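Hi,

Here is the structure I promised to pass on. Have a look at it first, and then read my notes underneath.

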Amino acid sequence: MSALPVITAMGGINAAGRSAQHFAFQRLIFDALNPSQQQDTLNSLNRLTGADQDSVLARTLIRALPDSHQLHGALAGTSDSPITLEMRNMDLPDSLAPGWQVHAIDKRRSHVTLPAGLGLHVPLDTPRRVSAAGQLPDGFDPGALYASRSHPRALQMAIFGISDALGDLGLDWATVAAHVRPDQVAVYASNAMSQMDDNGLGGVMRFPPNGQRITSKQVPLGLGEMTADFLNAYVLHSVGTTGGMLGACATFLYNLEKGVHAIRNGRVRVAIIGTSEAPLVPEIMEGYRAMGALAEDQALAALDGASTADLTRACRPFSGNCGFTMAESAQFTVLMDDALALELGVDILGAVPDVFIHADGAKKSISAPGVGNYLTVGKAAALTRQLIGEQGLREHSFVHAHGTGTPQNRVTESVILDRVAEAFGIRQWPVTAIKAFVGHSLGSSGGDQLAAALGSFAHNQIPGIRSIDHIADDVHRQHLDFAMDHVQHDNLQASLINAKGFGGNNATAVALAPSVTREMLQQRHGAQAMARWESRRENVLEAKSRFRNHCLNETPRPIYRFNDGVLGDEAVTLSREAVQLNGGTIMEFDDDSNLADYQLNR
């Protein structure tokens, strides 16, 4: 029987705050919280940012970029006469261009005369057309919390995000690792845009034209799979399966699918899933703006008939809109097979029975949507019906739409959801779109949605699309309910999490509520097994309570174990049957029964 991938922890950071313990979700529905929950939300943000509680809410969600976020361009021209510059000797090229004349000033500096007719580029800051973004809370600096050593921002966020998830787990990672073989752990993590700031690949491309030297760290730390590599090397010390899938805006769900299937087929028992995306780089945002993808200030103001744009409402899914709002986010979840989750007594936040991925087929434009999303949403709806029944799907499920805030998305995604709802007999399918709050974090957006879905299960609230005041006329909604305010729903059982990425990358995940998950586990393992799990869970819940107090009262302390516990050749014991690391668990070289029919009889 296939294992059920159970969600045992969720953590991360985005424009709403930290994901563990549902703090970021509470920021989304802040107005619907009771006073005690509101105070906890404020306290958690205060510990991240250091801001006073009167101003901390304004330092979150979508808001204006700082003035320092400026695109640095250049004017090109030609010199009519020779030009003399003073520069450092270390910045001189190894081989001088023809016509250059160099006269030393001292041991460190020289005068360099450039010949007439030379092409020149003069630095010039260009006016900013896009001023809104879903930024991490103002004052929060993930690199200041540990010895970040020139790490790109996405990797700094990844260290915080996985630490947040492990805190939410309520068990030391060493305890988890002791219950499974090293090869039964997997990490699937990446991002869509790689690391494009100055400490990553962005610096590799920007530095030479600006007279700066490329360092030895920028290329390796800039790679997209480095999100997984950092977790393995500096947090988990894992030698298990690793990798990262790329799927544009569906990247988180692509990684989630890898983990879900690895657990279901028994290859791994614990899977860490995540993405860490930091695309708020001026050049990256200008690239998306040039595509016509981003909401520009002038167009936003025109939507409201105003002279200035309301940047806090920059993202307006399924309403009058003009483009999406870029954001940064790191999100991580810990999946376990159901038997291990019960054995360890971990908390059960939900389950992901499957993730469906399909391409669009033939396309007119690589960035245009296509038919693949019909397949993913349709399969997800069918699986939800199979697991929780017709009534469960029709009355107790809801959709986390991709909901980017572009004119094209509001039509193409709504028609898919509406037609699927009609096909399955759903009269008014609740649809939310949390990019209205946190923006579009590209590869991490599916993680933002999963964290919010878990929050809905815990708080019985579906976030309203609060940035809009109407539904656009061209949105298909005969069978859909786009709520503009938060909706209380006391029996949420499942959420379909949808993602549509450039290039034809479509993915839809099914997330089950913890109540449904526990019912499934009792049906499979029996009442006695669930009673033993409840007993073991008491210690985990106490640890989670301590972590919650840490989140509310202390400065974050990410896990970062550099140059600690490094194993060399001497730590490996090897035979033809197995390998053993550091005298620990033996990993046998099992025969692959799936290939038995291909075995040669020799």
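Below is what turned up, taken one region at a time.

First, the small print. This is a predicted model, where local features need pLDDT of at least 70, side-chain atom pairs count only at pLDDT 80 or more, and totals for chains, interfaces and linings use all residues. Residues are numbered from 1 along each chain as its sequence is written, and side-chain values use heavy atoms, with hydrogens and water left out.

Let's start with strand β10 (residues 185-190); helices (H or I, at least four residues) and strands (E, at least two) are DSSP runs, numbered from the N terminus. Six of the six residues of β10 are buried, so the strand is largely enclosed by the rest of the structure. Buried means under 20% relative accessible area, with exposed over 50% and partly exposed in between (1.4 Å probe, protein chains only). Val185, Val187 and Ala189 point one way, while Ala186, Tyr188 and Ser190 point the other. That fits the usual pattern: in a regular strand the side chains alternate between the two faces of the sheet.

As for partners, β10 pairs in parallel with strand β12 (residues 270-277) over six bridges, where two strands pair if DSSP finds at least two bridges between them. Ser190 has Thr275 as its bridge partner in β12. β10 also runs parallel to strand β11 (residues 241-243), joined by three bridges, and there Ala186 is matched with Thr241.

Further along, there is an open sheet of three strands in the order β22-β23-β24, paired antiparallel. β22 (572-574) and β24 (586-588) are at the edges with a single partner strand each, so one side of each has no neighbour in the sheet. Three bridges link β22 to strand β23 (residues 578-581), with Val572 facing Leu581 as its bridge partner.

On to the helices: the axes of α2 (residues 35-49) and α17 (residues 527-553) come within 6 Å and cross at roughly 70°. Axes here are lines fitted to C-alpha atoms, for helices over the stretch in contact, with angles from 0 to 180 degrees between N-to-C directions. In contact (heavy atoms within 4.5 Å) are Asp40, Asn43, Ser44 and Arg47 of α2 and Arg548, Cys551, Leu552 and Asn553 of α17.

Finally, what about disulfides (cysteine sulfur atoms within 2.5 Å)? The search of the whole structure finds zero. For Cys249, the nearest cysteine sulfur is that of Cys315, 12 Å away.

Cheers

Terms used. A disulfide is a pair of cysteine sulfur atoms within 2.5 Å.
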